[in-house]
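Please look through the structure shown here before reading the notes that follow. They are arranged by topic, so that you can go back and forth between the text and the picture.

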Amino acid sequence: MNRSKSCYKIRLYRSWRFYLLCAVLFALAGFHLAYNFYLLAGGELHGLLSAEARAGYTASQMPAITGILVEVGLVLTQLELLFEIVYTAIGLFGNRLYVREDDTRIYFAPRLFSRVSKRDICKIEPVSVENLGFWERLSSFNFDKKYLYRFTCYDTVLLLSSKDEAGMAKLAADIRARCNKTEEEETGTNNALGDKMAWFFTWKEIPFCWIGAHVVSVLLLIVGR
């Protein structure tokens with residue numbers, strides 16, 4: 001009974017701009033994934049790699065390594081598109097913060113899924129957009145400027161948004177009572193490796209992987225004609 005009372009759900013907020021972006025990316029990824037599977041199922045990929053599909057070329061003029069690279073590129077593209085579909089689906093239908101007895105589970109882009117222990121959360125506070133940098137807000141995919149909360153964790157900072165003030169206040173009070181310390185308070189240093197790595201992977205690498213996956217798919221579509 002006590003365990004059930006300590007578990008609850010907080011609905012996280014997203015603006016219509018975010019939903020529009022996720023819907024567009026979901027549709028693009030779904031189309032490209034389906035088209036690439038069509039190429040594979042119909043034997044079109046073999047045609048792309050054959051000498052007959054390339055006017056004026058003979059089999060000897062087309063190195064075997066070219067075919068291998070195309071196949072590897074297609075597999076990697078399929079995996080990236082599949083990841084994008086899952087990622088954007090969570091962006092469209094997820095956006096939840098599940099609070100457990102000892103941890104929180106966050107479904108909120110740019111993180112696909114984050115399990116954060118309560119002992120690693122040091123402070124939760126509402127924050128005004130005037131106190132945030134443009135890139136700090138945008139790198140958390142917060143397109144709106146309202147309902148923002150800063151989660152100060154042991155070695156990183158998360159920026160979430162929610163209209164559920166009561167749920168956030170309840171969680172903040174729970175964290176406040178634990179008196180958790182940040183890495184800097186505990187050790188006197190602030191490496192913040194987690195924050196730097198999270199920023200690198202979510203803001204710089206993932207969007208470029210998505211762009212690259214769509215470019216490869218479009219090239220396959222053009223070459224296949």
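In this predicted model, Thr182 is found in the loop between helix 6 and helix 7 (183-187). Although Thr182 lies in a loop, this residue counts as buried, because its relative accessibility is 15% and the cut-off for buried is under 20%. Leaving aside residues up to four places away in sequence, Thr182 touches Cys122, Thr152, Cys153 and Tyr154.

**The chain as a whole**

- The chain has 8 helices and 7 strands, and 40% of its 225 residues count as buried.
- Its accessible surface comes to about 13,200 Å², and 63% of that surface belongs to carbon and sulfur atoms.
- If one takes the contacts between residues at least 6 apart in sequence, 68% of them join residues that are at least 24 apart.

**Strands that pair**

- Strand 6 and strand 7 are paired in the antiparallel sense over 5 bridges, and a hairpin joins the two through 3 residues.
- Thr152, which is one of the residues that Thr182 touches, stands opposite Val157 in strand 7.
- Strand 7 is mostly covered, since 4 of its 5 residues are buried.
- Strand 2 (residues 96-99) and strand 3 (residues 103-108) also run antiparallel, and 4 bridges join them.
- These two strands, strand 2 and strand 3, form a hairpin with 3 residues between them, and within this pairing the bridge partner of Leu97 is Ile106 in strand 3.
- In a regular strand, side chains alternate between the two faces of the sheet.

**Nonpolar cores**

- The largest nonpolar core has 19 residues, and the members that touch the most other members are Ile10, Leu97, Ile106, Ile124, Phe151 and Leu171.
- At least two residues of this core are supplied by each of strand 1 (8-11), strand 2, strand 3, strand 5, strand 6, strand 7 (157-161) and helix 6 (165-178).
- Helix 6 gives the largest share of this core, with 4 residues.
- Phe151 can serve as an example of a core member, for, not counting residues up to four places away in sequence, its contacts are Leu97, Ile121, Lys123, Ile124, Thr156, Val157, Leu158, Leu160, Met168 and Leu171.
- There is also a second, separate core of 6 residues, which includes Phe18, Leu92, Ala109 and Phe141.

**Salt bridges**

- The count of salt bridges in the model comes to 6.
- Which residues are linked with Asp103 in a network of salt bridges? The network is made up of Asp103, Arg105 and Arg115.
- Within this network, Asp103 forms a salt bridge with Arg105, and the closest N and O atoms are 3.7 Å apart.
- Asp103 is buried, with a relative accessible area of 7%, whereas Arg105 counts as partly exposed at 29% relative accessibility.
- Glu125 takes part in a salt bridge with Lys123, where the N to O distance is 3.9 Å, and also in one with Arg150, where the closest N and O atoms are 3.8 Å apart.
- The pair of Glu125 and Arg150 links distant parts of the chain, because Glu125 belongs to strand 5 (residues 121-126) and Arg150 to strand 6 (residues 148-153), and the two residues are 25 residues apart.
- Is Arg150 buried or exposed? Arg150 is buried, with a relative accessible area of 17%, while Glu125 counts as partly exposed at 25% and Lys123 is partly exposed at 42%.

**A nonpolar patch on the surface**

- Trp16, Leu20, Val24 and Leu28 form a nonpolar patch on the surface, and together they have about 410 Å² of accessible area.
- Leu20, one of the residues of this patch, has its place in helix 2 (residues 16-41).
- With a relative accessibility of 49%, Leu20 counts as partly exposed, because the exposed class begins over 50%.

Technical notes
Residues numbered from 1 in each chain as written. Predicted model: local features only at pLDDT ≥ 70, side-chain atom pairs only at ≥ 80, totals over all residues. Heavy atoms only, no water. Pairing = 2+ DSSP bridges. Salt bridge = Lys/Arg side-chain N within 4 Å of Asp/Glu carboxyl O. Buried < 20%, exposed > 50% of the residue type's maximum accessible area, 1.4 Å probe, protein only. Patch = residues over 30% accessible without salt bridge, like charges linked within 9 Å, V, L, I, M, F, W, Y side chains within 5 Å. Areas by Shrake-Rupley, 256 points an atom, 1.4 Å probe, with all protein chains shown as cover. Core = buried A, V, L, I, M, F, W, Y, C linked by side-chain atoms within 4.5 Å. Contact = heavy atoms within 4.5 Å.
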